[in-house]
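This report describes the fold, the nonpolar interior and the charged pairs of one protein chain. Please consult the sequence and the coordinates alongside the text.

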Amino acid sequence: MHSRGKGIGKESVLIMMAFAIKNLGIHTFRAKIGDSNTPSLIMFRKLGFEEISHSEIFQEVTLELKVTEAKSSELLCMMDNVVTHK
């Protein structure tokens, strides 16, 4: 059984980002993802991350998301739709 495509990764990232925005005052997120990890690249781009660099040597893409007030509201709103497992 695999969990890919069920939204668990997206929910996890959203929870971590919401926590970082609310509790740590984070304003910029960066993710380094292997350039062959297409599912992760797609997910982060859907969340609003933009590619800022690509390393041929390390075969990875660096994505960044600057958290504006509008983006913060959007992310916190997305959190309202996250299913919590108890």
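## Aromatic pairing

Rings of Phe, Tyr and Trp, the last represented by its six-membered ring, count as a pair if their centres lie within 6.5 Å, and planes over 60 degrees apart make the pair edge-to-face. The model examined here is predicted. By this criterion, the whole structure contains 1 aromatic pair. The pair consists of Phe44 and Phe49, with 5.0 Å from centre to centre and 80° between the planes. The arrangement is edge-to-face because the angle lies over the limit of 60 degrees.

Are the two partners buried or exposed? Phe44 has a relative accessible area of 13% and is buried. Phe49 is buried as well, at 4% relative accessibility.

## Overall architecture

The protein comprises 3 helices and 3 strands. Along the sequence these elements follow the pattern α-β-α-β-β-α. Of the 86 residues, 30% count as buried. The protein exposes about 6,200 Å², and carbon and sulfur atoms supply 56% of that area.

The contacts can also be sorted by sequence separation. Among contacts between residues at least 6 apart in sequence, 56% join residues at least 24 apart.

## The nonpolar core

In soluble globular proteins, nonpolar side chains tend to be buried together. In this model, the largest nonpolar core has 18 residues. Met17, Phe29, Phe44, Phe49 and Leu63 have the most contacts inside this core. Two or more core residues are contributed by each of helix H1 (8-24), strand S1, helix H2 (38-46) and strand S3. H1 provides the largest share, 5 residues. Both members of the aromatic pair, Phe44 and Phe49, are thus listed among the core residues with the most contacts.

What does Leu63 touch, beyond residues up to four places away in sequence? Its contacts include both rings of the aromatic pair, Phe44 and Phe49. Leu63 also touches Phe29, Arg30, Ala31 and Ile33, and these four residues belong to S1. The remaining contacts of Leu63 are Leu41, Arg45, Glu50, Glu51 and Ile52.

## Pairing of S1 and S3

Strands S1 (residues 28-34) and S3 (residues 60-66) pair in the antiparallel sense over 7 bridges. Within this pairing, Ala31 has Leu63 as its bridge partner in S3.

In a regular strand the side chains alternate between the two faces of the sheet. S1 has a covered face formed by Phe29, Ala31 and Ile33. The uncovered face of S1 carries Thr28, Arg30, Lys32 and Gly34. Two residues of this uncovered face, Arg30 and Lys32, are exposed, each at 58% relative accessibility.

## Salt bridges across the strands

Side chains of opposite charge can pair when their charged atoms come close. The structure holds 4 salt bridges. One of them joins Glu64 and Arg30, whose closest N and O atoms are 2.8 Å apart. Because Glu64 lies in S3 and Arg30 in S1, this pair ties together parts that are 34 residues apart in sequence. Glu64 is buried, with a relative accessible area of 14%, whereas Arg30 is exposed.

A second bridge links the side chains of Glu60 and Lys32, with an N to O distance of 3.9 Å. Glu60 lies in S3 and Lys32 in S1, so the pair connects parts that are 28 residues apart in sequence. Glu64 also meets Lys66, at 3.4 Å from N to O. Lys66 is exposed at 52% relative accessibility. Through shared partners, salt bridges join Arg30, Glu64 and Lys66 into one network.

## Two further residues

Gln59 is found in the loop between strand S2 (50-55) and S3. The phi angle of Gln59 is near 50°, a positive value in a residue other than glycine. Gln59 is exposed, with a relative accessible area of 51%.

Lys71 lies in helix H3 (residues 69-80). Is this lysine buried or exposed? Lys71 is buried, with a relative accessible area of 13%. Not counting residues up to four places away in sequence, Lys71 touches Leu47, Gly48, Leu65 and Lys66. One of these contacts, Lys66, also takes part in the salt-bridge network with Arg30 and Glu64.

Notes. Residues are numbered from 1 along each chain as its sequence is written. This is a predicted model: local features need pLDDT of at least 70, side-chain atom pairs count only at pLDDT 80 or more; totals for chains, interfaces and linings use all residues. Side-chain values use heavy atoms; hydrogens and water are left out. Buried means under 20% relative accessible area, exposed over 50%, partly exposed in between (1.4 Å probe, protein chains only). Two strands pair if DSSP finds at least two bridges between them. Rings of Phe, Tyr and Trp (its six-membered ring) pair if their centres lie within 6.5 Å; planes under 30 degrees apart count as stacked, over 60 as edge-to-face and the rest as tilted. Contact means heavy atoms within 4.5 Å. Accessible areas come from the Shrake-Rupley method with a 1.4 Å probe; for residues, only the protein chains shown count as cover. A nonpolar core is a set of buried Ala, Val, Leu, Ile, Met, Phe, Trp, Tyr and Cys residues joined through side-chain atoms within 4.5 Å.
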